[in-house]
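Student: Could you take me through one spot in this model in some detail? I'd like to hear about a single residue and what surrounds it.

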Amino acid sequence: QVQLVESGGGLVQPGGSLRLSCAASGSIFRINDMAWYRQAAGKQRELVAAITNGGSTYYVDSVKGRFTISRDNAKNTVYLQMNSLKPEDTAVYFCNKRWSPLGSWGQGTQVTVSS
């Protein structure tokens with residue numbers, strides 16, 4: 001069973017950038033659609049971005065043009081490059097399958113955008 005560990009979060013100023021990483025304990029090749037989710041305080045977890053093995057991507061409207069999802073199956077890692085960060089991007093970010101997410105979620109990585 002694949003286990004996922006998120007990292008790369010931190011405190012950044014508005015307009016700054018962060019690169020999140022999702023390291024898998026096993027091969028992610030078998031998972032066609034990998035995704036990043038986020039959950040802000042007091043809000044429901046939402047899908048932020050997703051990517052297929054073929055490279056097709058999806059982004060929620062609020063991050064289009066600012067975030068880029070990528071995957072390196074050889075390294076069993078999924079990335080989320082976050083540019084032009086806004087305070088409303090503040091949340092805990094998680095990685096998981098897009099469809100039928102694994103029942104076990106990681107701790108996520110906290111992203112805080114503030115002056």
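Tutor: Here's a close look at one glutamate, followed by the strands of a sheet that includes some of its contacts' neighbourhood in sequence. Keep in mind that this is a predicted model. The residue to look at is E6, which sits in strand β1, residues 4–7. E6 is buried, and yet has no salt bridge. The nearest side chain of opposite charge belongs to R45, and that is 8.2 Å away, whereas a salt bridge would call for a side-chain nitrogen within 4 Å of a carboxyl oxygen.

So what does the side chain of E6 reach? One partner is the backbone nitrogen of C95, at 3.0 Å. Another is the backbone nitrogen of G108, which lies 3.1 Å from a polar atom of the E6 side chain. Leaving out residues up to four places away in sequence, E6 touches S21, C22 and W36, then Y93, F94 and C95, and finally G106, Q107, G108 and T109.

Now for the strands. Strand β9 covers residues 91–97 and strand β10 covers residues 109–113; the two run antiparallel, joined by three bridges. One pairing to look for is A91, whose bridge partner in β10 is V111. Both strands belong to an open sheet of six, in the order β2-β10-β9-β4-β5-β6, with mixed pairing. At the edges are β2 (10–12) and β6 (57–59), each pairing on one side only. Ignoring direction, neighbouring strands of this sheet are turned by 25° against each other on average.

Definitions and conventions. Residues numbered from 1 in each chain as written. Predicted model: local features only at pLDDT ≥ 70, side-chain atom pairs only at ≥ 80, totals over all residues. Heavy atoms only, no water. Helix = DSSP H or I, 4+ residues; strand = E, 2+ residues; numbered from the N terminus. Buried < 20%, exposed > 50% of the residue type's maximum accessible area, 1.4 Å probe, protein only. Lys, Arg positive; Asp, Glu negative; His and termini not counted. Polar contact = N/O pair within 3.5 Å; in protein donor to acceptor, adjacent residues only side chain to side chain. Contact = heavy atoms within 4.5 Å. Pairing = 2+ DSSP bridges. Axes fitted to C-alpha atoms, helices over the stretch in contact; angles between N-to-C directions.
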